[in-house]
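Please consider the structure shown here together with its sequence. The paragraphs that follow lead through selected features of the fold.

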Amino acid sequence: IFKNFIIMPVLYKTIQSTMKTKDGDKLYHPRTVYVGSVNTEKIAQEIAEYSSLSKGDVKNSIDNLVTVMTRHLQSSEVVMLDGLGTFRLAMKSRGKGAKTKEEVSAAQASLQVHFSPASTRNSDRTVATRSLVTGVKCVLYKPETTNSGNSGGGNSGGGDGGIEDDPLG
């Protein structure tokens with residue numbers, strides 16, 4: 001279905017937790033490294049290459065999808081897109097809770113959009129496939145360390161202080 005589509009691996013780096021375990025150890029964990037981003041224009045251009053629609057038609061459809069999804073999410077509805085996944089608004093409590101039900105208000109929380117990729121299940125109800133992540137390959141990120149006079153150090157976008165940490169979890 002994807003002609004001339006090259007799948008690149010998901011890059012990760014090793015980070016050490018700032019929190020100590022009960023044994024006093026700071027454990028290491030993998031963390032995704034992002035090396036760039038794509039916007040609606042780029043996505044529309046790529047979708048247009050696979051369809052009979054123009055880039056403008058596709059961009060208009062994406063814009064309309066966002067508008068319609070926003071309306072449904074803000075109406076306390078869950079949005080399920082076949083083959084993609086499910087979007088829902090969730091409240092995340094900020095700070096301490098209230099002592100009584102009457103003291104609770106929406107001002108105590110922030111709203112977040114939660115996304116769960118679509119999946120298929122085996123007969124024993126275990127996950128067989130998960131949209132967007134099934135079949136992904138992960139590779140340890142190794143930034144180039146050349147001394148070619150490049151003050152950037154060869155780390156283009158995936159290093160500390162960048163956008164390497166997933167804001168959703």
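In which loop is Leu 132 found? The model in question is a predicted one, and in it Leu 132 belongs to the loop between strand 7 (127-130) and strand 8 (138-140). The backbone at Leu 132 has a positive phi of about 80°, although the residue is not a glycine. Its side of the matter with respect to solvent is settled by the accessibility: because a residue over 50% counts as exposed, Leu 132 is classed as exposed at 62% relative accessibility.

A second non-glycine residue with positive phi is Ser 76, where the angle is near 60°. Ser 76 lies in the loop that runs between helix 2 (55-73) and strand 3 (79-81). The relative accessible area of Ser 76 is 72%, so this residue is exposed as well.

From that loop one may turn back to helix 2 and to its contact with helix 1. The axes of helix 1 (residues 40-49) and helix 2 come within 8 Å and cross at roughly 125°. Angles of 65 to 115 degrees count as roughly perpendicular and those over 145 as roughly antiparallel, with the rest beyond the roughly parallel range termed oblique; helix 1 is therefore oblique to helix 2. The crossing of the two helices is right-handed.

The contact itself can be followed residue by residue. Helix 1 contributes Thr 40, Glu 41, Ile 43, Ala 44, Gln 45, Ile 47 and Ala 48, and these meet Lys 55, Val 58, Lys 59, Ile 62 and Asp 63 of helix 2. By character, the residues of this contact divide into six nonpolar, two polar and four charged.

The strands supply a further feature, an aromatic contact. How many aromatic pairs does the count give? The count comes to one aromatic pair. It is formed by Phe 87 and Phe 115, whose ring centres are 4.8 Å apart and whose planes stand at 45°, so the pair is tilted. The tilted class covers what is neither stacked, under 30 degrees, nor edge-to-face, over 60. The pair links distant parts of the chain, with Phe 87 in strand 4 (residues 85-93) and Phe 115 in strand 5 (residues 109-117), 28 residues apart.

Are the two partners buried or exposed? Phe 87 has a relative accessibility of 16% and so counts as buried, whereas Phe 115, at 33%, counts as partly exposed. The cut-off behind this distinction is 20%, since buried means a relative accessible area under that value.

How values were computed: Residues numbered from 1 in each chain as written. Predicted model: local features only at pLDDT ≥ 70, side-chain atom pairs only at ≥ 80, totals over all residues. Heavy atoms only, no water. Helix = DSSP H or I, 4+ residues; strand = E, 2+ residues; numbered from the N terminus. Buried < 20%, exposed > 50% of the residue type's maximum accessible area, 1.4 Å probe, protein only. Phe/Tyr/Trp six-rings, centres within 6.5 Å; stacked < 30°, edge-to-face > 60°. Axes fitted to C-alpha atoms, helices over the stretch in contact; angles between N-to-C directions. Parallel < 35°, antiparallel > 145°, perpendicular 65-115°, else oblique. Left-handed = near helix turned anticlockwise from the far one by under 90°. Contact = heavy atoms within 4.5 Å. Nonpolar A, V, L, I, M, F, W, Y, C, P; charged D, E, K, R; others polar.
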